Structures are given as C-alpha cells and as structure tokens.
Amino acid sequence: MAWFYVKSGGSATGDTGRYASQQTGSFATLGAANYYDSIVGAINATTSPIAGDFILVSDSHAFSSASNINYVGTSTAPGFNIVCVDDSNVDAQRTAQGVRGTETLTGTSADFNFDHRFSAWGLSFVAVDNIIFSASSATPADINLYDCKFTIPGSSDSLLMQQDGVRLGLYDSEIAMNNNGAFLRVNNNSVFYMQGGSITTTGVTIAALFSAGMVNAGARITLKGVD
C-alpha cells in the first residue's frame, strides 16, 4: 500500500510525493517538493497508485485548469482511494463539513472525465462545461463518491454517463445545478445511484433534472433519500 499527497502549489514530480507509509503532521511540514499540485499529478506518478492505495488531498487544495482534467482509476477492483484530509493533520480526514479540496475548470469548454475504478471522499469539482463518466477502454467505470460536490454552472452543461458499463454511486453528496439549462444524462446501460445528499440550485429553476433521453435504453437510475 502506498500514500500520495496532493495540495495546490506542490512541486513533486516522479515519485517524490509517494510514500510507503502514511505520514503525520502538516502539509507545511511535508514541504511543497513532497506533494503533487493536482490529483492527476498523483495519478500520473512514476509508480502510479494501484487498488488499495490512497491519494490524500489537503482541504486547502484549490487547483484549476483550462484543459480537460482526466481522472483514470485502476482496472482492478476496487480501485484506489482519494480522501480529503486536514491540511494541518495529514493523517486525519478534514474536520470542517463545508471545506473540501477543490479542483476547478476554467475557460469555456474543458471537461472533467472520470474513468475506470476508484472511490473519493470530501472533494469538490467545479465544472465549466461537462462532467463525463465513461469507459475509455475495455475497463468499465465504477466510481463511488462520498460527501463530494459537483457544480454544473452553464446552460446545456451536464453530468453525463456516456458509455456502456458505467456505474456512478453518489453518497451524501451534492449536485449543484446552477443554471436552468443544466441537466443529468444517463445513457447506454449505465447506472446512476444517488443515496442521501441533495440536488441544489442558486436562484434558478431546474427545467429538467434528466434530459436528452436515455439513449440505447437499459439505463438505471436510483434516487434514495435525496433532498
């Protein structure tokens, strides 16, 4: 098992943000040279995380990109784990409910892409266009997210299950649909499961929660205890 550390401003390259044992203390104690600037930076380490490994993200993490961000998990179940931790105590989960490590897209057309297998806790993803769950190879996406938040800001922007075999489980998480033209779309024998949490909006009416049809049939949608 290995531990990878992430906080915006980090300069780790190769395996310098990867450890064979869990660390203690603060990110400041680790030093910027010993943690990655982004979650993808950790995923793309020289020795990439495998099933059962942990990527630990500071609750002060605030990374942004004008290009697509591609989170590719493992082909082996259950995948690796991405956990938001206290910036001052890297061995403890974050303590403030409203504070999450955040990755943000900028510009007009960049997408978040989620693929393969992994789980995550306590993260925020702020989109500028689409949030796509897909299968880029023979390995299906099987992703479970706990206490996370997605922000969909624009008209015709979506959270999309795009291909056969995609499964997304959201638990006690929030989908913020901050435009009345934003929507969710579940296609091609994909599974969307949401338990607890909420679907919110800011000052607008959600015109259609699910839109653009269930292409090619077989999609399964479950909302359980969602506000």
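Me: Before we look at strands E12 and E15, what makes two strands pair?
Reply: Two strands count as a pair if DSSP finds a minimum number of bridges between them, and that number is at least two. Keep in mind that this model is predicted. Strand E12 (residues 131-133) and strand E15 (residues 158-161) qualify because they share 3 bridges, in the parallel sense.

Me: Which residue in E15 is the bridge partner of Phe 133?
Reply: Good one to find in the structure! Phe 133 belongs to strand E12, residues 131-133. Its bridge partner in E15 is Met 161.

Me: Which strands are the edge strands of the open sheet of 5 strands?
Reply: Start with the order of the sheet, E5-E9-E12-E15-E18, where the pairing is parallel. An edge strand pairs on one side only. That description fits strand E5 (69-72) and strand E18 (183-186).

Me: Is Asn 113 buried or exposed?
Reply: Let's place Asn 113 before judging: strand E9 (residues 112-115) holds this residue. Leaving out residues up to four places away in sequence, Asn 113 touches Asn 68, Ile 69, Asn 70, Tyr 71 and Ile 132. The relative accessible area of Asn 113 is 17%. The cut-off for buried is under 20%, so Asn 113 is buried.

Me: How many residues does the largest nonpolar core have?
Reply: In soluble globular proteins, nonpolar side chains tend to be buried together. Here, residues with the most contacts inside the largest core include Tyr 71, Phe 133 and Ile 175. Ile 175, for example, touches Phe 150, Leu 159 and Phe 192, among others. The size of this largest nonpolar core is 49 residues.

Technical notes:
Residues numbered from 1 in each chain as written. Predicted model: local features only at pLDDT ≥ 70, side-chain atom pairs only at ≥ 80, totals over all residues. Heavy atoms only, no water. Helix = DSSP H or I, 4+ residues; strand = E, 2+ residues; numbered from the N terminus. Core = buried A, V, L, I, M, F, W, Y, C linked by side-chain atoms within 4.5 Å. Buried < 20%, exposed > 50% of the residue type's maximum accessible area, 1.4 Å probe, protein only. Contact = heavy atoms within 4.5 Å.
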